[in-house]
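Student: Could you take a close look at one part of this model for me, and then tie that part to what surrounds it? I'd like one connected walk-through rather than a list.

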Amino acid sequence: MARIHRRKLLQLSGAGAVAAKAGGIASILATARAPAYAQTASVHWLRWNDFVPASDALLRKEIAPEAEKALGIKLNIETINGNDLQARTTSAIQSGTGPDVICGLNNWPQLYGESVANVDDIVEEIGKAQGGFYEESRVVANNGEKWLGVPWCVLGAMIVYRKSWLAEQGASSFPATWEEYRAVGKKLKAAGHPIGQTLGHTFGDAPTFTYPYLWSWGGKEVEADGKTVVLNSKGAIDSVKFMADFWKEALDEGGLAWDDTSNNRAFLSGTICATLNGASIYLLAKSKPDTYLDDKGKPMFEDMAHSPLPKGPGGQFGYHLPMTNMLMGYSKNQKAAKEFLRWITSKEIYGRWFNSQQGYSVGATTVWEEDPLWKKDPVMLPFRGAARAGRFPGYAGPADRKAAEGLSKYLITDMYAKAVQGTPAEEAVKWADAEFKSIHAA
Amino acid sequence: MAVTSYALSEPRAGASQRGALTRTLEDERWLALVLLLPTLVLLGLFIAYPFVKGVELSVTDTKVGVAGNFVGLSNFLALANDSIFRTAVWNTCVYTVVTTVFKLALGLWLALLLNRHFRGKALTRAFILLPFIIPTVLSTFAWKWMFDPTFSVINWSLFRLGLIHGRINWLGEPGLALISVIIVNVWRGVPFYAISLLAGLQTISPELHEAAAIDGARAWHRFWHVTWPLLLPVTMVVVLFSVIQTFSDFQLVYVLTGGGPANSTQLFATYAYQIGVGTGLLSQGAAISLAMFPVLLLVVIVQLLYIRRVETL
């Protein structure tokens with residue numbers, strides 16, 4: 001048997017490597033395509049931890065591998081707590097490095113308008129193919145000149161309530177007006193089942209209640225010019241006066257300290273009869289029928305229903321949390337990230353994510369109102385067209401940085417919180433009006 | 001031969017280099033500089049640079065992702081007309097003063113108890129440190145559940161004991177909310193005081209107490225005339241650190257109340273975060289943070305002067 005010495009082996013293997021390499025280059029030149037390993041760009045997508053865990057599982061287990069096959073990209077999905085998302089976005093922009101795509105909340109695309117890439121072509125294409133965007137999705141993601149992100153979804157906020165408890169107090173259907181809601185709420189509180197609502201510093205449930213409540217009384221922050229502050233109005237003062245009495249008569253007064261999870265716990269423990277929330281309370285009760293029971297020992301979800309906020313003298317409105325995928329300007333993977341956004345928001349792929357949400361969020365485009373999902377569970381039906389009545393803070397002005405400042409300072413929420421703590425209505429409105437004026441004067 | 005001469009010449013060159021270095025370092029000024037250099041680099045990177053950057057931001061109109069222009073002191077002037085900022089200033093001062101007084105009193109009391117000999121002393125000392133060891137966010141979440149308006153274990157216990165008949169809205173009433181965050185801060189801060197003061201107590205010679213006792217001094221007099229004067233320098237340093245930390249406290253209030261309800265627990269740091277990160281107005285957030293600086297500087301100067309005076313007595 002011929003012996004192969006160390007030197008010979010090195011020579012042979014070196015020649016082999018060179019031959020292989022030469023062959024590889026030749027084949028690359030022949031096909032005019034980069035080898036597969038060189039093509040694999042990676043796209044880093046930052047999102048919040050979804051309130052429907054099945055959706056995160058779908059993204060990780062099915063969508064990410066499919067993205068790799070369909071687009072030749074490595075999709076890195078990172079989910080973090082919703083409260084930490086904005087700090088992370090700020091640091092990414094300031095340092096010029098971080099996720100390629102960030103799924104932002106509210107009007108963040110307007111806040112970070114100078115730091116995002118243009119996605120006009122993708123958004124126009126999706127809007128045209130999917131029946132157009134809801135107004136709320138448009139105002140937060142479009143600055144009047146260009147799209148600052150690709151609208152992703154709208155998280156509906158509806159009142160979830162206990163049908164039997166309301167029926168016991170004579171309300172066979174959900175009260176249509178604030179007056180009726182207060183009347184039945186008074187009886188319910190006396191029976192030990194108050195209405196639950198936060199007026200604390202929490203980003204979801206507090207503003208999604210207080211802003212539409214203000215609008216329903218005809219109040220608003222500014223005129224359409226986005227400059228003239230008109231909060232100190234009869235509508236706003238009436239709304240604050242009503243709230244002060246409503247709070248004492250019908251609501252759980254612990255709500256001043258509640259965060260976004262407190263009302264979920266209070267409802268599921270049978271402490272409160274109704275609260276404004278996303279569909280998560282109902283979906284959780286439905287997924288665990290043996291855990292969440294009503295006072296008769298039956299699954300609680302069977303006694304639950306959803307309704308929009310009641311009407312006021314100024315109409316009926318909602319503020320549903322919009323989410324937008326922002327393609328960050330600092331990203332080195334612009335092309336791959338754009339292709340990914342076009343693909344993930346396409347009807348076929350997005351539809352799977354939309355269905356995994358079970359109605360917790362609705363699409364940013366109107367086409368999803370026709371999805372068969374809405375035929376599955378009538379209790380979820382009120383969410384279907386919720387986004388149509390949606391407005392965004394800053395109304396009637398644009399959803400710009402000044403609107404975000406009022407929102408993040410909790411001015412509208414605190415106006416009501418002050419009143420329920422004893423500040424006269426006129427004084428509370430005057431305080432908030434002055435704060436808005438100083439924001440708009442800057 | 002050449003090899004030999006090379007081998008001989010190298011140590012000579014090295015020796016001459018080392019000699020130059022040694023001679024330089026024999027000069028105490030250079031030696032001090034070299035020894036201080038790592039500290040200076042660390043302080044420069046992690047203290048001075050962020051501070052200078054903060055000052056630079058506060059005099060511009062920088063927003064997230066938008067480089068700012070110089071605007072002078074207008075961010076600070078705007079704060080003077082900001083009612084939420086005024087509330088935050090008042091809350092921060094009340095929060096710092098009240099918590100410091102309670103932490104000092106309870107910490108000193110605990111330190112005096114722990115300085116005695118009893119069975120299980122080491123274990124007790126370890127347990128005392130628990131609030132300080134647990135990450136603040138975790139322990140604050142536990143407190144948040146205890147103060148929960150619906151499921152408060154404190155309310156439940158008081159109700160069962162017959163001490164209350166209704167619910168105490170710990171974090172929902174403006175006055176009570178501030179008291180609640182003060183309670184949590186005191187709970188968390190007492191171990192730091194206790195252990196630091198205990199270390200100070202252990203440096204005091206027992207002979208001094210024995211001599212005072214022989215002279216007829218009672219316990220209170222021994223504490224007031226022997227223990228307290230000798231413990232004062234340590235106490236001042238502990239108070240200094242604590243005041244600085246409490247004045248810039250963030251996590252505790254952020255988790256418990258987010259500054260609410262209606263800004264009744266809003267502090268400098270939480271408001272700065274709300275403006276800087278929540279609204280993207282980095283320069284205004286920096287101005288709010290820096291508004292703390294003159295107050296803290298004054299506190300530090302007064303305390304350091306006092307410590308120097310005490311030490312030279």
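Tutor: Here is a walk-through that starts from one loop in chain B and works outward from there.

This is a predicted model, so keep that in mind for everything below. The loop to zoom in on sits between helix H12 (251–256) and H13 of chain B, and B:Pro261 is part of that loop. The peptide bond between B:Gly260 and B:Pro261 is cis, with omega at about -5°. Go one residue further and you reach B:Ala262, also in the loop between H12 and H13 of chain B. Phi of B:Ala262 is near 50°, a positive value, and B:Ala262 is not a glycine. B:Asn263 belongs to the loop between H12 and H13 as well, and has a positive phi of about 65°, again without being a glycine. Why flag these backbone values? Because most residues other than glycine have a negative phi, and most peptide bonds are trans.

Are B:Ala262 and B:Asn263 buried or exposed? B:Ala262 counts as buried because 28 C-beta neighbours fall inside 10 Å. B:Asn263 has 26 C-beta neighbours inside 10 Å, so B:Asn263 counts as buried too. For chain B overall, buried residues make up 32% of the 313 residues.

Now follow the loop into H13 of chain B, and you arrive at the interface. Chain B puts 28 residues in contact with 33 residues of chain A. Helix H4 (83–114), helix H9 (174–201) and helix H13 (268–278) of chain B are the elements that give two or more residues to the side of chain B that touches chain A. H13(B) gives the most, with 3 residues. By class, that side of chain B has 11 nonpolar, 15 polar and 2 charged residues.

Stepping back to chain B as a whole, its secondary structure comes to 15 helices and 0 strands. The radius of gyration of chain B is 27 Å, well over the 20 Å that the globule rule gives for 313 residues, so chain B is more spread out than a compact globule. Along the principal axes, the C-alpha atoms of chain B fill a box of roughly 100 × 70 × 40 Å. If you care about contact range, take the contacts in chain B between residues at least 6 apart in sequence: 68% of these join residues at least 24 apart.

Across the interface is chain A, which is divided into domain 1 (37–156 + 320–389) and domain 2 (159–318 + 400–441). The centres of domain 1 and domain 2 of chain A, taken over C-alpha atoms, are 28 Å apart. Between these domains, 19 residues of domain 1 are in contact with 20 residues of domain 2. The side of domain 1 that touches domain 2 has 12 nonpolar, 7 polar and no charged residues.

Chain A also has strands to look at. An open sheet is formed by 6 strands in the order S2-S1-S3-S9-S4-S10 (chain A), with mixed pairing. Its edge strands are strand S2 (73–80) and strand S10 (361–363) of chain A, each pairing on one side only. From one strand to the next, the twist averages 25°. Within this order, strand S1 (residues 41–48) and strand S3 (residues 101–105) of chain A pair in the parallel sense over 2 bridges, and A:Trp45 has A:Val101 in S3(A) as its bridge partner.

Elsewhere in chain A, strand S7 (residues 274–277) has pairings of its own. Strand S5 (residues 158–162) of chain A runs antiparallel to S7(A) and is joined to S7(A) by 4 bridges; there, A:Met158 stands opposite A:Asn277. Strand S6 (residues 195–196) of chain A runs parallel to S7(A), with 2 bridges between them, and A:Gly196 stands opposite A:Thr275. In S7(A) itself, A:Ala274 and A:Leu276 point one way while A:Thr275 and A:Asn277 point the other way, and all are buried.

Finally, back to the peptide-bond theme we began with. In chain A, a cis peptide bond joins A:Tyr395 and A:Ala396, with omega about 10°. A:Ala396 is found in the loop between S10 and helix H16 (401–408) of chain A. S10 here is the edge strand S10 (361–363) from the open sheet.

Methods: Residues numbered from 1 in each chain as written. Chains lettered and ligands numbered in written order. Predicted model: local features only at pLDDT ≥ 70, side-chain atom pairs only at ≥ 80, totals over all residues. Domains from an automatic or database assignment. Contact = placed C-beta atoms within 7 Å. Nonpolar A, V, L, I, M, F, W, Y, C, P; charged D, E, K, R; others polar. Pairing = 2+ DSSP bridges. Axes fitted to C-alpha atoms, helices over the stretch in contact; angles between N-to-C directions. Rg over C-alpha atoms; globule rule 2.2 N^0.38 Å. Buried ≥ 20, exposed ≤ 12 C-beta atoms within 10 Å, placed from the backbone.
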